[in-house]
2 protein chains.
Amino acid sequence: MRQSKLFTKTSKTLPKDEVSVNSQLLLKSGFIDKEIAGVYSFLPMGYRVLDKIINIIREEMNAIDGQEIMLTALQSPQTWEPTDRWDDSKMDVWFKTELKNGSKLGLAPTHEEPLTKLMKKFITSYKDLPVYAYQFQTKFRNETRAKSGILRTREFIMKDLYSFCRNQQELDEYYEKAKAAYVRIFERLGLGDITYVTYASGGTFSKFSHEFQTLCEYGEDLIYINEEKKIAINREIFEDEILSEFGLTKADFVEKKAIEVGNIFKLGTKFSDGLGLQYVDENGERKNVIMGSYGIGPGRVMGTIVETHNDKNGIIWPKEVAPYQVHIVSLGKDEVVMQESEKLYNQLNQAGYEVLWDDRTNLGPGAKFADSDLIGCPIRITVSGKNIEKSQYEVKRRIGGDAEFIPQNDIEAFLDNELK
Amino acid sequence: MRQSKLFTKTSKTLPKDEVSVNSQLLLKSGFIDKEIAGVYSFLPMGYRVLDKIINIIREEMNAIDGQEIMLTALQSPQTWEPTDRWDDSKMDVWFKTELKNGSKLGLAPTHEEPLTKLMKKFITSYKDLPVYAYQFQTKFRNETRAKSGILRTREFIMKDLYSFCRNQQELDEYYEKAKAAYVRIFERLGLGDITYVTYASGGTFSKFSHEFQTLCEYGEDLIYINEEKKIAINREIFEDEILSEFGLTKADFVEKKAIEVGNIFKLGTKFSDGLGLQYVDENGERKNVIMGSYGIGPGRVMGTIVETHNDKNGIIWPKEVAPYQVHIVSLGKDEVVMQESEKLYNQLNQAGYEVLWDDRTNLGPGAKFADSDLIGCPIRITVSGKNIEKSQYEVKRRIGGDAEFIPQNDIEAFLDNELK
């Protein structure tokens, strides 16, 4: 992408009420735009990052036999009344609306009910199970406060996977598979080192659920970690009685702030009971289907990456999700510089790299380097008259370290090594 | 995909009020599910088709320099009041809702206003233009009647591209480029032969807009076509005065029913004027940005394909958008048949084909063939004991014609020829 053609620009001014690091950096760099509090648009580079996050998650969901679907935002009360979640006093994040004939509708904040209802059409026998279905779909939540940038928004894409199993053992096995898939996802997203599988309250059906918590000093959650045993515990169950099960005491843990980037939960029969999702087992007996749910918000993941990967100059994208892998910065208006830059741009595009080329001729080196740091692509290649004379490029990693000079002929080998 | 694992099943029963061909076939085949009237979920095979349609459109939008973004459904009145489209009496398809503090919000039925407002942040000079931005985003429209299946729904993904140009000439040139991209899209979607670029009313800014109308006896629109000159005219401007501009009279046209699958429109300065989107030109003068809009609904396209590609047995998907290219149907429970089928399934998957394998052992040939016809993949390969003995497969095209027997060793060459 030629930066001169990109319609966004970096900016120094921000909405007054924007207090989170993620939204400040993403707004300044032109990755997102704020529609209203807690409601953000994704602009070209922001959309690219979001799309990469989504595709990594999708690959891992397909690998554990998830079948991709897309449910609807508009929901009727009939779907939610059987589980008593239609009433605003029972679920307090509904946006409600209505049809022209006055029929009430709501915008789904989650999808257990409609998917359970849907499965009643297809699941009758034990032979129809297990089933795993997931979606990337826009949720709406009428949050009272929305001050965390894209970490907690009123409208957001969520990946929600639901499992439908015959019995506890089948659920337990799939739950472990999903947990392992989540671990892979956060590794691939560049968050593996700082993301902890965290024991949390399990509700009525199982003792524990698991959260994926990414350490971050601005996180809303408090977790307690024991590095030696690689155990993390959410504050809500950080109690002597629980800890003793792991042979530990409170003194064995360190308190950390974290952002919850994913959550997996054994739902049991709560929804199949409420909505009557049953199957006939091998012995002809009717039983409730046993469910699990597995969520990740790609937008929140993006915000978490920004919160945890930045410096005073801007964002530092992990290579797996960077909007572009390489940022070519041309210095000066010199025709030779532009020609050599274009040659490199074409060469790298053809070699399969994703390249942003700062081909703008109305900005000096300082402004261009500042933009490049703010946008945060992993590798910056500077093309200048001086370096062209020496048949070399100046290369700098956004993650830090000194600039290096790479002979022109070696640039692809260098990038292969850095990025593949 | 092993059909035994696919959670959907075909069905013979339908909701009573489902009167359109597209929704009847898509519901029967398990491609979609109805949440409420005019609101449909996409199930695994339906989602695959939708995704393929989206990707074809995306490639063509990128090819004409579209920059992909994602705007928000939730909208505040402030964005829509300047153009007088917030009031329900002015735009009658709003779904309205509100924040907990009572602030009114609406669910965007279209996105001219928010995108125009967004562009004010980035466009100041003629050097910032032209800009082309598009999205695949969920629109909400409070339709009074919703009886056309997925052709006209209350919640749907729409691809909307908007162009922002300096002057009429730049708009005119891009408009022609977009028109050509649309022609390519419908060709690639398998609708090229029956889709007409149709002159329609242009509103206040230009004489004509253009609709892409696909001939279909169940279509809501009436168009008039002249095959010789390849001209199509929408009913709303089928008048002697207009026709004379083409050197034609009403007698030169044939009336046809059609479905509007796309629409391109020169907006002029309507929105830039209302929202104050201006730029400074080469001479330092402030001017309104000149806009165009270009829409396609992937769901409606899917419905149109079903309406125009079916027979009494089911859907006949064009190869470009079929959920799977090949449907392997194994006859009987014989172990050799299942082994040979699995070998073929693995072989074709490895060769890069998308394969649905009917590996179900509880159904006879009649039921399996009926399902295969209903689902409508382009090529059906039947694996049976008799054919295995002869080292051959029985192959049948969904589009029609007799079954053929292909030697096992030639199957990939056959598919390459049919599908690539």
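Trainee: How do you know how chain B can be laid on chain A?

Mentor: This is a predicted model, where local features need pLDDT of at least 70, side-chain atom pairs count only at pLDDT 80 or more, and totals for chains, interfaces and linings use all residues. Residues are numbered from 1 along each chain as its sequence is written, and chains are lettered from A and ligands numbered from 1 in the order in which they are written. Copies are superposed by least squares on the C-alpha atoms of residues with pLDDT of at least 70 in both. Here a turn of 180 degrees and a shift of 0.0 Å along the axis lay chain B on chain A, with an RMSD of 0.0 Å. The two copies are therefore related as by a two-fold rotation axis.

Trainee: Which C-alpha of chain B is nearest the axis?

Mentor: That of B:Thr97, 2.6 Å from the axis.

Trainee: What makes two residues count as in contact?

Mentor: Their C-beta atoms, placed from the backbone, must lie within 7 Å. By that rule, 37 residues of chain B are in contact with 37 residues of chain A. The same surface serves both copies, as 100% of the contact residues of chain B recur in chain A.

Trainee: What makes a residue of chain A count as buried?

Mentor: It needs 20 or more other C-beta atoms within 10 Å of its own, with C-beta atoms placed from the backbone. Of the 420 residues of chain A, 49% count as buried.

Trainee: Where do the domain bounds of chain A come from?

Mentor: From an automatic or database domain assignment. It gives domain 1 (21–311) and domain 2 (326–419). Their C-alpha centres lie 40 Å apart.

Technical notes
Buried ≥ 20, exposed ≤ 12 C-beta atoms within 10 Å, placed from the backbone.
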